[in-house]
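Here is a short briefing to read with the model open beside you. Take a moment to turn the structure around before going through the points.

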Amino acid sequence: MTVVSGAERVAIADMLVAQTARIRRAGRRYSGRPVELSLLTGAQLELVRLVRRRPGLSVADAAQEFGLAANTVSTLVRQLTDRGLLVRRVDPADRRIARLELSRAISSKVDAWRDRRVVALADAIGELAPDEQDQLAEALALLARVADQLEQGADR
């Protein structure tokens with residue numbers, strides 16, 4: 001087993017960030033972001049993605065997911081509802097809680113955009129040799145553990 005030095009870990013981390021960013025940029029270029037999303041800030045776009053993955057989540061849930069204050073997420077929600085991209089629904093069990101959903105007008109466009117990005121990435125993965133695909137699949141578990149460590153560190 002090889003021991004990786006601190007400097008090597010920093011280099012690996014830097015390469016991981018750079019390659020992840022390249023993959024995201026290439027996926028966005030390939031998939032063509034819906035015009036309704038083209039003027040959104042990064043934080044607004046992340047909230048749209050989160051609500052697509054978890055419809056019905058609350059502002060507090062989104063704030064916890066992002067590690068932000070609830071009032072910061074509330075501001076993002078207001079901006080996106082003003083644009084007609086998000087809908088706030090009152091939770092029937094607790095009227096103090098607003099549940100978030102994508103508007104009907106944007107929901108199918110966001111789904112199609114995500115699907116195009118995922119298909120493009122799947123096609124690129126398909127170009128790898130079978131053993132490389134296996135290595136990538138195994139690396140995903142490690143990446144999930146790294147994400148967990150980062151999230152735990154941010155919570156401290």
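The notes below go from the overall fold to one helix and then to the main pocket. Please keep in mind that this is a predicted model. The protein has six helices and two strands, and 21% of its 156 residues count as buried.

**Overall layout**

- Reading from the N terminus, you will meet the elements in the order α-α-α-α-β-β-α-α.
- Along the principal axes, the C-alpha atoms of the protein fill a box of roughly 55 × 40 × 25 Å.
- Among contacts in the protein with a separation of 6 or more, 52% are between residues 24 or more positions apart.

**Helix H4, a helix with a buried side**

- Helix H4 covers residues 70-82, and its 13 residues should span 18 Å at 1.5 Å a residue; the end C-alpha atoms are 18 Å apart, so the two values agree.
- Which residues of H4 are buried? They are Val73, Leu76, Val77 and Leu80.
- These four cover an arc of only 100 degrees around the axis, which means that they lie on the same side of H4.
- The spacing fits a general rule: an α-helix has 3.6 residues a turn, so residues three or four places apart point the same way.
- The partners that the buried residues of H4 pack against are H2, helix H3 (59-66), strand E1 (86-90) and strand E2 (98-102).
- On the face of H4 turned away from its buried side, look for the exposed residues Asn71 and Asp82.
- After H4 comes Gly84, which has a positive phi, near 80 degrees.

**The largest pocket**

- The volume of the largest pocket is about 1,400 Å³.
- The pocket is lined by 35 residues, and those closest to its centre are Thr20, Ile23, Arg24, Leu121 and Leu140.
- Four elements each give two or more residues to this lining: helix H1 (6-31), helix H2 (42-53), helix H5 (104-126) and helix H6 (130-155).
- Which element supplies the largest share of the lining? That is H1, with 11 residues.
- Sorted by class, the lining of the largest pocket holds 20 nonpolar, five polar and 10 charged residues.

**Where the two topics meet**

- Helix H2 is a good place to look next: H2 is packed against by the buried residues of H4, and H2 also gives two or more residues to the lining of the largest pocket.

Note on methods: Residues numbered from 1 in each chain as written. Predicted model: local features only at pLDDT ≥ 70, side-chain atom pairs only at ≥ 80, totals over all residues. Heavy atoms only, no water. 1 Å grid on protein atoms, 1.4 Å probe; cavity = no way out; pocket = protein on both sides within 12 Å on 5 of 7 lines; lining within 4 Å. Points joined across faces, edges and corners; volume = space filled by probe spheres on them. Nonpolar A, V, L, I, M, F, W, Y, C, P; charged D, E, K, R; others polar. Expected span 1.5 Å × (residues − 1). Buried < 20%, exposed > 50% of the residue type's maximum accessible area, 1.4 Å probe, protein only. Arc of directions from axis to C-beta. Contact = heavy atoms within 4.5 Å.
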